[in-house]
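User: I am new to this structure and would like a close look at one part of it. Could you walk me through the salt bridges, starting with a single residue and working outward?

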There are 2 protein chains.
Amino acid sequence: MTATGSRARRERLRAETTAEIKKVALELMASGGPDAITLRAIAREMGMTANAIYGYFATRDDLVTTLISDVYTALADAVDAAWSATPATDPAVRIEAWANAFRTWALVNPQGFRLVYGDPVPGYRAPEGGPAPEAARRVCTGLTALAAAAWPHARHLYRDSAFDWSDFDPGLLDKVRPAFPDLPPAAVALALRVWGHLHGLVSLEVYGHMHNQTTNPEKLFREEIAQLLQTLGVPRRR
Amino acid sequence: MTATGSRARRERLRAETTAEIKKVALELMASGGPDAITLRAIAREMGMTANAIYGYFATRDDLVTTLISDVYTALADAVDAAWSATPATDPAVRIEAWANAFRTWALVNPQGFRLVYGDPVPGYRAPEGGPAPEAARRVCTGLTALAAAAWPHARHLYRDSAFDWSDFDPGLLDKVRPAFPDLPPAAVALALRVWGHLHGLVSLEVYGHMHNQTTNPEKLFREEIAQLLQTLGVPRRR
DNA sequence: ATCGCAACTTCACGCCGTATAGTTTCTGCA
DNA sequence: TGCAGAAACTATACGGCGTGAAGTTGCGAT
């Protein structure tokens, strides 16, 4: 039985090394931006040769893909947690919590935001499938929950909506329609638009483009949430 | 007079070479993304040595800064032109034209969009001042014109706005306030929020994040414009 | 005792930005 | 007309990058 025991041990060591590579890569990213994620720097930090990493990730892009997936999942966790921590009975509070969690996460992890939503690393091209789209869909599903919470108040605004299910990706609908069976296509369109609104404001802020325009991006974001709730007709409790 | 004549000729040659460097750099960017802007590739394309470029730009970052400025200016020109080509009497048409020009430019020049709004190039850090912020302010000023056009219809939505002039960058206000003397701070906040909305949707589309969610990003953008006009109360002519 | 394999290193190649030094070519003045 | 000097450009070199190929080491299984 030493056979299975030592194989288990080998696999454990392997998993630990893999975890360390990712940990060091994320540290490098946090301090030097996504560009600082280089195999040689990671190896240097770990007291290894750069080529040793090829035993764990086939290419640098594979490593980056994994990191994107991890970081994106962390973002999804953060916004989901904020949502779940608020009472289902008060849509305004939930929506505000979601949006604030999104912005806060981005400001705390600006390099992670760049990794996930920007050009991650020179020459990187994202693969087709994988778990990163999965995390993206979690975020979109969260946004749809947001739209669903607001829908009773907002539906009258979208009576003549021209959207139908074919306008959306089946992979997204597979997650969204079972979760919200009564929601029409127009609400998913609303969710994606809200995504765009929040992403845009946060993105401009993270990339420093807001800095030259406003001295108070937080206030602008609060105004955004307020106007969003008002537009949707979601009542704000005093 | 050969003195001044030949000096003029030298300067002309110099200007021509500078222009060629920028032209080749933009071609490389268009075909291979901002990462493809390398001094060696440019030089190769021009039949020169990489070091020759140092006679025209002190560092690669200097070249990139110039390119960002040029490309950003081209974007500002495009949206300004679309705005000016529409009748001042119909705010809805003007706003729609502006927004469509913004998205269209981004889709036609995706790499330019990434250069201006993303991480331009590995290791690049933008300098403080320079003409790129100038182009950014032109875009913001255009957006303020948009807000100003809608303001007669939209002002009632922002009666209890908490914004004042100190919330904005003086450099922006220097351009905006003389152009729109009657506009309150709330309208500038609205302009920046609209910027965020449009930037977010276009950015998600350019970076491929919308692809996994909707099959019809154009329709989503049209809906965005329609809802924008509706929430602002700007009448749409039939 | 030996085989096999996983982990890791060494060496090499071609990319990159850029510093330094040398070469060519042309300008402007004596 | 001849020559100093500047401008434009090349040559060489350094360190950093991703990565392919080949070699080394150590350990479990037979």
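Analyst: Let's start with B:Glu218, which is partly exposed in this predicted model. Its relative accessible area is 43%, and because buried would require a value under 20% and exposed a value over 50%, B:Glu218 falls in between. The side chain of B:Glu218 meets that of B:Arg222 in a salt bridge, with 4.0 Å from N to O. B:Arg222 also counts as partly exposed, at 45% relative accessibility. Both residues belong to helix H9 of chain B, which covers residues 217-232. They sit four residues apart there, about one turn of the helix.

Now let's move to a pair that joins two helices. B:Asp70 forms a salt bridge with B:Lys22, and their closest N and O atoms are 2.9 Å apart. B:Asp70 lies in helix H3 (residues 60-84) of chain B, while B:Lys22 lies in helix H1 (residues 2-32) of chain B, so this salt bridge ties together parts that are 48 residues apart in sequence. B:Asp70 counts as partly exposed, with 30% relative accessibility.

Chain A offers a pair with a longer story. A:Asp90 and A:Arg237 meet through their side chains in a salt bridge of 3.6 Å, N to O. This pair links distant parts of the chain, 147 residues apart. A:Asp90 is found in the loop between helix H3 (60-84) and helix H4 (91-108) of chain A, and A:Arg237 in the segment after helix H9 (217-232) of chain A. Their surroundings are worth a look too: A:Asp90 is buried, with a relative accessible area of 6%, whereas A:Arg237 is exposed, at 61%.

Salt bridges can also join up into a network, as they do for A:Asp77, A:Asp80 and A:Arg138. Over all chains, the count comes to 30 salt bridges.

Finally, how do the two chains relate to each other? Chain B can be laid on chain A with an RMSD of 0.1 Å, using a turn of 180° and a shift of 0.0 Å along the axis. The two copies are therefore related as by a two-fold rotation axis. In chain B, the C-alpha nearest that axis belongs to B:Gly200, 1.6 Å away from it. As for where the chains touch, 100% of the interface residues of chain B are also interface residues in chain A, so the copies meet through the same surface.

Notes
Residues numbered from 1 in each chain as written. Chains lettered and ligands numbered in written order. Predicted model: local features only at pLDDT ≥ 70, side-chain atom pairs only at ≥ 80, totals over all residues. Heavy atoms only, no water. Helix = DSSP H or I, 4+ residues; strand = E, 2+ residues; numbered from the N terminus. Buried < 20%, exposed > 50% of the residue type's maximum accessible area, 1.4 Å probe, protein only. Least-squares fit on C-alpha atoms with pLDDT ≥ 70 in both. Contact = heavy atoms within 4.5 Å.
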